[in-house]
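Subject: Structure handover

Hello,

Here is the structure you were expecting, with notes on what turned up in it. Please read the notes with the model open.

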Amino acid sequence: MNGETTDTRAPASTPTGFHLRTPEAWDDFSTADEASENRLADEARGHAVAAEFTADQAERFAEQVRRSVRQARRSGAVHAAGVFQLYEDGPFTATVLVAVATPPASGDILGALSAVGQPTRADGTWRRVTTAEISGIGTVGRVYGIQNVTQDGATMRCAVMHTVVPMPGSADVVVVTGSSPNLAEAEEIFGLFGAITETLEFTWADGVPALAAATESTRERTAGE
């Protein structure tokens, strides 16, 4: 014995929160109400006008931002972040959502998300299934590809990546989903989504409810960093 006191309290078996780091230019946005939809859409419109986009281009850009934020809120995400930037060759838009999901009875949530090994379709969409490693967590499942994504009634083609992370002490999983309509940079975007997801860390706090499939109270108390 060396005289040091050892804390023998066992931590809660299921995480109570998480950290997820995004690049500096990204914004975290609330998924609780419409306030963030309006704020970010107005900011996007202002940036577009300042960049000398036409009024129609600025409005379409703002509406794309609004749909992304609304989709996060309506999908039951517990955390969402996005980047909406304008460059000389056009806008760059990407979002990352975090949700807690209960797998189907079979436990095959990857199969529920996507047809495994789906070949390229005639319309150019495709999905691939693979695995990745997250430090401190281990092996996670991943589905990525080019898909048609519907947001608030509008459909656009996007680069999409779902990463399925087993949750310690629970049958539930955390799903981190990245999406961007900037298809010309799809490979770089997949790399970006992978790098963001690799920062995921679970946290435990005394007196805080465990993470669970999304409810209003879960959205209010869970935050990413």
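The notes below go from the overall fold to the cores, one helix, the empty spaces and two single residues.

Please keep in mind that this is a predicted model.

Overall fold

The protein has five helices and nine strands. From the N terminus onward the order is β-β-α-α-β-β-α-β-β-β-β-α-β-α. The chain has 225 residues, and 44% of them count as buried. Among contacts with a separation of 6 or more, 61% are made by residues 24 or more positions apart.

Nonpolar cores

The largest nonpolar core contains 30 residues. Phe 18, Leu 20, Trp 26 and Val 174 have the most contacts inside this core. Two or more residues come from each of the strands β3 (79–87), β4 (90–101), β5 (126–134), β6 (138–151), β7 (154–166) and β8 (173–180), and from helix α4 (186–197). There is also a second, separate core of 13 residues, which includes Leu 40, Ala 58, Phe 61 and Ala 77.

Helix α2

Helix α2 covers residues 55–74, 20 residues in total. At 1.5 Å a residue the expected span is 28 Å, and the end C-alpha atoms are 28 Å apart, so the two values agree. The buried residues of this helix are Ala 58, Phe 61, Ala 62, Gln 64, Val 65, Arg 66, Arg 67, Ser 68, Val 69, Arg 70, Ala 72 and Arg 73. Several arginines are thus on the buried list, among them Arg 66 and Arg 67. As a reminder, an α-helix has 3.6 residues a turn, so residues three or four places apart point the same way. The buried residues of α2 pack against helix α1 (35–50) and against strands β3, β4, β6 and β7. After the helix comes Gly 76, with a positive phi near 80°.

Cavities

How many cavities of 30 Å³ or more does the model hold? The count is two.

The largest cavity has a volume of about 60 Å³. Its lining is made up of Gln 64, Ser 68, Thr 93, Ala 94, Thr 95, Gln 151, Met 156, Cys 158, Ser 179, Ser 180 and Pro 181. The elements α2, β4, β7 and β8 each give two or more residues to this lining. The largest share, three residues, belongs to β4. By class, the lining of the largest cavity has four nonpolar residues, seven polar and no charged. Gln 64 and Ser 68, both in this lining, are also among the buried residues of α2.

The second largest cavity has a volume of about 40 Å³. It is lined by Arg 127, Val 143, Tyr 144, Gly 145, Gln 147, Val 160 and His 162. Here β6 and β7 are the elements that give two or more residues, and β6 has the largest share, with four residues. The lining of the second largest cavity divides into three nonpolar, three polar and one charged residues.

Largest pocket

The largest pocket holds about 350 Å³ of space. Of the 21 residues that line this pocket, Gln 71, Ser 75, Leu 97, His 162 and Thr 177 lie nearest its centre. Two or more lining residues come from each of α2, β4, α3 (109–113), β6, β7 and β8. The largest share is again that of β4, with five residues. The lining of the pocket has eleven nonpolar residues, ten polar and no charged. His 162 appears both here and in the lining of the second largest cavity.

Two single residues

Val 143 is in strand β6 and also lines the second largest cavity. Is Val 143 buried or exposed? Its relative accessibility is 2%, so Val 143 counts as buried. The C-alpha atoms of Val 143 and Val 129 are separated by 4.5 Å, and the two residues are 14 residues apart along the chain.

Tyr 87 lies in strand β3. With a relative accessible area of 45%, Tyr 87 is partly exposed. Apart from neighbours within four places in sequence, Tyr 87 is in contact with Phe 53 and Phe 92. The C-alpha atoms of Tyr 87 and Ala 48 are separated by 9.7 Å, with their positions 39 residues apart along the chain.

Regards

Definitions and conventions:
Residues are numbered from 1 along each chain as its sequence is written. This is a predicted model: local features need pLDDT of at least 70, side-chain atom pairs count only at pLDDT 80 or more; totals for chains, interfaces and linings use all residues. Side-chain values use heavy atoms; hydrogens and water are left out. A nonpolar core is a set of buried Ala, Val, Leu, Ile, Met, Phe, Trp, Tyr and Cys residues joined through side-chain atoms within 4.5 Å. Buried means under 20% relative accessible area, exposed over 50%, partly exposed in between (1.4 Å probe, protein chains only). The expected span of a helix is 1.5 Å times one less than its number of residues. Contact means heavy atoms within 4.5 Å. On a 1 Å grid over the protein atoms alone, a cavity is a set of points where a 1.4 Å probe fits but cannot get out, and a pocket is an open set with protein on both sides within 12 Å along at least five of seven lines; lining residues have an atom within 4 Å of a point. Grid points are joined across faces, edges and corners, and a volume is the space filled by probe spheres set on the points. Ala, Val, Leu, Ile, Met, Phe, Trp, Tyr, Cys and Pro count as nonpolar, Asp, Glu, Lys and Arg as charged, and the others, Gly among them, as polar.
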